[in-house]
Amino acid sequence: MKTMQGGVEEAKQIMPQTFLEKVQGIVSESQGAVFKIPILGGMKAGKSTLLSKVLSCESAFLPPDVLEATARTVRIRYGFAASREIIHADGSDTPVDSDENWSAYVRGKADLSSQDDVLEVKLPDSFLRETGAVVCDTPGNNSVDGVKAEETWGAISGAQVALYCIRATSMISKSDVDFLITALPQLKNFIFVVTRIDEAGIGDASSAQAKELVEYVRERLRKTFPVEPLAVVATSSRLEGELSGVPALKELIVQTLRQKGTMLREAKIASALRELAEVVAARVENDLSLIKKADEEGAEEFAAKIGAFKSRLVEVEAEKTAAIRRLKVELAKKKTRVKSEIAQASRAAVDRAKRRAESLTSAKALEDASAGILLSEADLWRQDVQNVLTRFASDGN
């Protein structure tokens with residue numbers, strides 16, 4: 001994972017902290033994750049029987065049947081001692097000691113307390129210990145039961161590589177092809193196992209007949225399946241030792257996980273990062289949409305404010321024009337009143353001068369006093385005019 005870690009270090013320079021923490025979490029989780037290997041195939045393809053052979057466990061742990069035996073996914077992992085348990089959502093477990101009860105749970109004849117409960121088998125098997133893998137036995141993928149289909153798709157989720165069982169006497173059916181193509185977006189690494197070769201009259205998994213059968217299956221897959229399989233092997237649960245092909249299958253799985261382990265983990269990381277990127281892209285698109293909408297609303301609000309401001313300017317301009325007009329009228333009125341009062345003051349001054357002149361009894365007295373009368377009345381007139389100007393200048397209206 002050196003390349004991936006180097007990429008994370010480089011990402012620190014450009015990624016927001018929250019996004020970077022999620023990326024680092026995905027990398028760390030994938031590095032420490034165990035391999036999940038679902039065993040897939042149609043009904044009666046021999047999945048449970050093959051697993052019992054591969055893991056050297058009693059049939060009571062993975063019960064076979066003449067009809068469809070597995071209705072629920074059974075998770076199998078390494079343990080110091082063989083056990084059967086129901087694992088609950090809170091992490092607690094309920095041991096199941098009775099073969100009959102366990103068989104009823106596996107076959108879907110007995111209800112679990114919660115849909116989140118998981119059936120789990122622990123086995124002291126060297127293959128499980130060496131690979132650290134979790135193997136999942138699944139219902140047939142061609143079941144019409146929706147619950148069983150959910151169980152199968154749940155087993156595929158998070159898996160890196162899967163075994164796909166094809167019965168030698170049935171070969172590849174349309175339901176096999178349809179299921180495999182549908183599963184490709186989640187899982188692209190398959191080891192195809194041709195099971196029950198003894199039913200086809202083959203008594204040795206390494207014989208020329210078995211190799212011919214394997215090549216035939218590989219050619220059929222090449223024509224109908226868009227992804228090259230990791231391998232195609234032949235097996236029989238009824239044959240023993242090397243003849244069964246089971247030891248070769250176990251070695252193939254071990255070698256695959258060793259050789260392709262890093263690639264498979266990086267593919268899982270890439271898938272998780274794509275999902276994260278899609279979520280982030282959706283959020284960014286939503287945020288940009290909100291920002292754009294806010295900008296548009298802000299622009300509309302700003303335009304409305306500008307329009308209101310311009311309207312107010314027009315109103316203010318009209319008010320100013322009217323005020324100037326009123327002011328001019330008032331000034332004109334003031335000028336008129338000033339002129340009128342000054343004229344009154346002038347007439348009063350003339351009248352006073354006449355009365356004073358008429359009060360004199362001789363021409364000599366008039367000649368002697370006329371200059372003084374005019375000067376004194378002129379002073380009074382100027383004083384009256386000044387009072388009028390002062391009063392109008394200080395008038396606030």
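**Group meeting talk: helix 8, salt bridges and a few backbone turns**

Let me start with one pair. Glu219 and Arg222 meet through their side chains in a salt bridge, 2.7 Å from N to O. A quick caution before I go on: this is a predicted model.

Where do Glu219 and Arg222 lie? Both are in helix 8. They sit three residues apart, about one turn of the helix. Glu219 is partly exposed, at 33% relative accessibility. Arg222 is partly exposed too, at 42%.

While we are on salt bridges, here is a network. Arg75, Arg77 and Glu120 are joined into one by salt bridges that share partners. Overall, the structure holds eleven salt bridges.

Now the helix itself. Helix 8 runs from residue 208 to residue 224, which is 17 residues. From its first C-alpha to its last, helix 8 reaches 24 Å. That is close to the 24 Å expected at 1.5 Å a residue.

Which residues of helix 8 are buried? They are Ala210, Leu213, Val214, Val217, Arg218 and Leu221. Look down the axis of helix 8. The buried residues fall within an arc of 140 degrees, so they line one face of the helix. Note Arg218 in that list: an arginine, and buried.

What do these buried residues pack against? Three strands: strand 7 at 162-167, strand 8 at 190-195 and strand 9 at 231-234. Turn to the other side of helix 8. There, Ala208, Lys211, Glu212 and Lys223 are exposed.

Next, strand 7 again, and the loop ahead of helix 8. Arg167 forms a salt bridge with Glu199. Their closest N and O atoms are 3.1 Å apart. Arg167 lies in strand 7, while Glu199 lies in the loop between strand 8 and helix 8, so the pair ties together parts that are 32 residues apart in sequence. Arg167 is partly exposed, with a relative accessible area of 23%. For Glu199, also partly exposed, the value is 29%.

Glu199 has another partner. Arg196 forms a salt bridge with Glu199, and here the closest N and O atoms are 3.6 Å apart. Where is Arg196? It lies in the loop between strand 8 and helix 8. Its backbone deserves a look. Arg196 has a positive phi of about 55 degrees, although it is not a glycine. Its relative accessible area is 21%, which makes Arg196 partly exposed.

There is another residue like this to point out. Lys44 is not a glycine either, yet it has a positive phi of about 60 degrees. You will find Lys44 in the loop between strand 1, residues 36-41, and helix 3. Lys44 is partly exposed, with a relative accessible area of 24%.

That loop leads us to helix 3, residues 47-54. Is helix 3 mostly covered or mostly open? Mostly covered: six of its eight residues are buried. Those six are Lys47, Ser48, Leu50, Leu51, Ser52 and Val54. So a lysine, Lys47, is on the buried list here. Just after helix 3 comes Ser56, with a positive phi of about 50 degrees.

To wrap up, keep two pictures in mind. Helix 8 packs its buried residues against strands 7, 8 and 9. And Glu199 pairs with Arg167 and with Arg196.

Methods
Residues are numbered from 1 along each chain as its sequence is written. This is a predicted model: local features need pLDDT of at least 70, side-chain atom pairs count only at pLDDT 80 or more; totals for chains, interfaces and linings use all residues. Side-chain values use heavy atoms; hydrogens and water are left out. Buried means under 20% relative accessible area, exposed over 50%, partly exposed in between (1.4 Å probe, protein chains only). Helices (H or I, at least four residues) and strands (E, at least two) are DSSP runs, numbered from the N terminus. The expected span of a helix is 1.5 Å times one less than its number of residues. The arc is that of the directions from the helix axis to the C-beta atoms. Contact means heavy atoms within 4.5 Å. A salt bridge is a side-chain nitrogen of Lys or Arg within 4 Å of a carboxyl oxygen of Asp or Glu.
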